[in-house]
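These are my notebook entries on what I looked up, entry by entry, with the sequence and the model open beside me.

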Amino acid sequence: MLSYSIKRLLMLVPVLLGMTIIVFSIIHAIPGNPAQTILGTKATPEAIHHLNASLGLDKPLYVQYFTYLKDVLTGNLGTSIQDNNAIASEIWPHLAATIELSFAAMLIAVIIGVNAGIISAWKKNSVVDYIAMIVALIGVSMPIFWLGLLEQWIFSVKLNWLPSIGQTDITSTVAPITNLYLVDTLLEGQFGQFWMVVRHLIMPAVALATIPMAIIARMTRSSMLEVLGSDYIRTAKAKGQRMGWIVYKYALKNAFIPILTVIGLQTGLMLGGAILTETIFGWPGIGLYVYNAIQARDYPVIQSGILIIAFMFIMVNFIVDLLYGLIDPRIKYR
Amino acid sequence: MSELLLDVANLKKYYPIKQGVFNKTKETVRAVDGVSFKVNKGETLGIVGESGCGKSTTGRMIMRLIEPTDGKVIFEGQDILNLSKHEMRKVRKDIQMIFQDPFASLNPRQTVGQIIEEPMIVHKMGDRKKRQARVQELLELVGLSAYHAKRYPHQFSGGQRQRIGIARALAVEPKLIIADEPVSALDVSVQSQVLNLLQDLQKKLNLTYIFIAHDLSVVRHISNRVGVMYLGKMVELADSETLYREPKHPYTQALLSAVPIPDPENKTKRIILSGDVPSPAHPPSGCPFHDRCPVAKAICSEEIPHLRELADGRLVSCHLVD
Amino acid sequence: MSESLQDSAKLSPEKERSLFVQGLIDFWKQFRKNKPAIVGFLIVLFFILIAIFAKQIAPQGINDQNIAIRLQPPSAKHLLGTDDFGRDILSRIVFGAQLSLRVGFFAVIGSIIVGTFFGVIAGYFGKLIDTVISRFFDILLAFPSILLSIAIVTILGPSLNNALVAIAIVNVPVFGRLVRSRVLTVKEEEYIMAARSIGMGNTRIIMKHILPNSFAPIIVQGTLNIATAILDAAGLGFLGMGAQPPQPEWGTMLSESRQYITNAPWTVIFPGLAIILVVIGFNLMGDGLRDALDPRMKN
């Protein structure tokens, strides 16, 4: 197990390096003169020269890459072209907002998805099963930005139940401590504000949860069906144990590995989906940060935003890989 | 003495076992450890041993399907281990192989005709018309019918599939055929049919066989000479008549005693070997067979015996035989 | 030769049928039993026909503007209403089918070709080249797919074709890994050993023996990936990184009309429904193909 963990950790190195190369090349692979592209056609030659110098674009490529790598490793994520702020100093609130949103979405996806899958498998070929699977099919086929727009239209505009945009009200009195607003409101004892934050969170979280929820439901159903047909479940049934007990106690435990895999993979989908969801709901996460940067051609921010998201994805998968070993002792590591 | 076709000298195949974070070689598996033998034109050499003794690996190394770690394979006077890829392809025309599993060795998506024709395409023999005529001829030769060419492998029985495999091997008119347990996957009733076919073909086409098997009874009638392998080494090699009449090596004796003899008068005692075949990663010291040998002496666990020629021309590797 | 006699009774020469035809028939029998798959197939067929005959079907041109009738609700004249330029939404959705299907098909075909190439090389030759290619796949897969598409479009510049290229690149490792694992399995088959033993070269072994035996999972995955490719293209269009207005790409249409959702919800609802429907079609068809083609799923 330890040897495997170390091996897995070492395998991260080339992936992380490759990731930095790809992110690095976002600026450098732009055809023509990157500085010109970034500043637009009306830029003065001095401005282009200045930008070239500040981004180090006038040096040889490999020098630029190693400078970039050194910067990233020392926590220097560059400077935003829009407002000249150090990206490293302003990225955390965005990151926190995305973590809060993704976490909420994953929670919804897992709770509903796993339970729907179990019930579907348990009541195979019943009406419940059919409905759940049709809903799941629509779920995986849904453009989440469209779902988000409909949510806003129905629940904010028509019914006026939930706020349509942002992470808090304008009148919010939450003072950021961790920047995870749910945590902050609780730390500050502002329970009314906590509810306000939850209300903002519901719609984007549901939109973001849809696809993973559907995939988790389908996956849970098929792995549960496999387990439910196995001999030891039949034995348990024969011994007269209650079916509900059997399903949740025995079967779920064994169906957990494939489910865990899906959850690991879905995190990527979710972090990607965050860009669309955050754009629609004005959620000030890292997705919106990148989206705004794209609109403003703020390449350093685009680079760093993508770098951070990819890094998070890699780390989540790394942790999921290690969890396999803890959950299933049968898994052998090469 | 007839003409020498193949001379295998000190052939070795070692597999490193890699472990840990840095893939350090922890130990080596000596799958084949210094095997030597000669094959003359027109004869059949049987190679017999339990599974895992390295007999199939030896066969595959002769064709360089597995690259040997060390040794020489001299075919018609040239060491084929030194040949370039390109030169090797020419030699492959002269050496063909028949495989053990008649279900796995035929591509399920090709017709029988395509399967048999393919070696001729690869070696650029004849035009399409000639090749297809040859396919028909080969099918008849191995006891199938010309119209079978359009069928797919799954439409045939195991024995018929093995005939297809034989036809494929014959397509390029090889000089040497390595038959790697060609009948062990077949029903006993079909085994003798395929063995008879192989013998008929040998007479008709003047073929040379290396016939690999895990059981002595199968090779008895087809082989001129038989080599017995144990744990990557050749332990005895002799004319089949000599070997079957009077096996010298205790391992050969044990194997032979396991062959059922349909004669109630025969009271030969069965020698039951104790224990399992040791792992080739940890071969016993001295004679590799000593820990299972019913007659082992002290010297057997200390010194490695070498293959020696006895007065009657046979080769044996045992301290206790003279 | 008793066995060959038995055989000729079982299979007379007149009853010849090639494996390919037989395979198609078997496949169709399997597939036909799967009702959802048939529904998916019909949906896909429906959209393909719409795309081919868009000019004949669409009541109006793609960009026939008429400000006088902007944002009109669905009516007999405009079945799905009009958008803020007074364009007929039904017509735009019909023409949009061409764009979405084009992106879906060509992106996936592109990733299949490139992915198969690298997957075969990695799986067949192994060793260092396998490590390099596999690591490269790992790196590409380390990015959430839409994020990597965005990064690539950022480099290439926003357009529908660049979105197509980006989606194709992002999906390369999906097929690369699939093909690699298939090759690893097939490579161990004895008939590959047999092919090498008759002196066959690598290229011929790969083209004649390995690829044909790796085809089914590629088809299944390809069909499912058309669905995600269409979704991703729409997402990129919605973010302004795919098709550009006034192209009637469904995601781009959504992004153009999202501000009118309050007073003209049909401008948003119908393009979204079109996306869902076509994606459901490909998903159902892909699931059905898997059940019919993938032996592991067969009972």
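**Entry 1, the nonpolar core.** Working on a predicted model, I began with the largest nonpolar core, which holds 260 residues, and I noted that the members touching the most other members are Ala310(A), Val103(C), Leu147(C), Ala163(C), Ile167(C) and Ile230(C). I then looked up which element gives the most to this core, and found helix α9 of chain A, residues 191-228, with 19 residues. Domain 1 (2-73) and domain 2 (95-327) of chain A each supply at least three residues to this core.

From that list I picked Ile230(C) and set aside its neighbours within four places in sequence; its remaining contacts are Ser100(C), Val103(C), Gly104(C), Ile275(C), Val278(C) and Val279(C). Val103(C), one of these contacts, is also among the core members that touch the most others.

**Entry 2, the two domains of chain A.** The domain assignment divides chain A into domain 1 (2-73) and domain 2 (95-327), and I read 32 Å between their C-alpha centres. Their contact involves eleven residues of domain 1 and twelve residues of domain 2. On the domain 1 side, α1(A) gives the most, with ten residues, and by class I listed nine nonpolar, one polar and one charged on that side.

**Entry 3, annotated spans.** For chain A, an unreviewed UniProt entry places the feature "transmembrane region" at several spans, including 95-118 and 194-216. I checked two of these against the model: residues 95-118 of chain A are 100% helix and 0% strand, with the end C-alpha atoms 33 Å apart, while residues 194-216 of chain A are also 100% helix and 0% strand, with the end C-alpha atoms 29 Å apart.

For chain C, UniProt (unreviewed entry) gives "domain: ABC transmembrane type-1" at residues 97-286. Over that span I found 81% helix and 0% strand, and the end C-alpha atoms lie 19 Å apart.

**Entry 4, chain A against chain C.** I next turned to the contact between these chains, to which chain A contributes 34 residues and chain C contributes 31 residues. On the chain A side, the elements that supply at least two residues each are α1 (2-28), α6 (127-140), α7 (144-158), α11 (243-281), α12 (286-295) and α13 (299-327), and α11(A) gives the most, with seven residues. Sorting that side of chain A by class, I recorded 29 nonpolar, five polar and no charged residues.

**Entry 5, chain C against chain B.** Here 23 residues of chain C are in contact with 32 residues of chain B. On the chain C side, α1 (2-10), α9 (190-197) and α10 (202-210) give two or more residues each, and the largest share, six residues, comes from α9(C). By class, this side of chain C has ten nonpolar, six polar and seven charged residues.

**Entry 6, a helix of chain B.** Why is helix α3 of chain B, residues 112-122, largely enclosed by the rest of the structure? Nine of its eleven residues are buried, so I describe α3(B) as largely enclosed. The buried residues include Glu117(B) and Glu118(B) as well as Ile115(B), Ile116(B) and Met120(B). I then asked what covers these buried residues, and the cover includes α4 (128-141) and α5 (158-170) of chain B together with α10 of chain C. α10(C) is also one of the elements I had listed on the side of chain C that touches chain B. Just after α3(B), I noted that Lys124(B) takes a positive phi of about 50°.

Conventions:
Residues numbered from 1 in each chain as written. Chains lettered and ligands numbered in written order. Predicted model: local features only at pLDDT ≥ 70, side-chain atom pairs only at ≥ 80, totals over all residues. Core = buried A, V, L, I, M, F, W, Y, C linked by C-beta atoms within 7 Å. Buried ≥ 20, exposed ≤ 12 C-beta atoms within 10 Å, placed from the backbone. Helix = DSSP H or I, 4+ residues; strand = E, 2+ residues; numbered from the N terminus. Domains from an automatic or database assignment. Contact = placed C-beta atoms within 7 Å. Nonpolar A, V, L, I, M, F, W, Y, C, P; charged D, E, K, R; others polar. UniProt positions renumbered as here; feature names shortened; annotations may be inferred.
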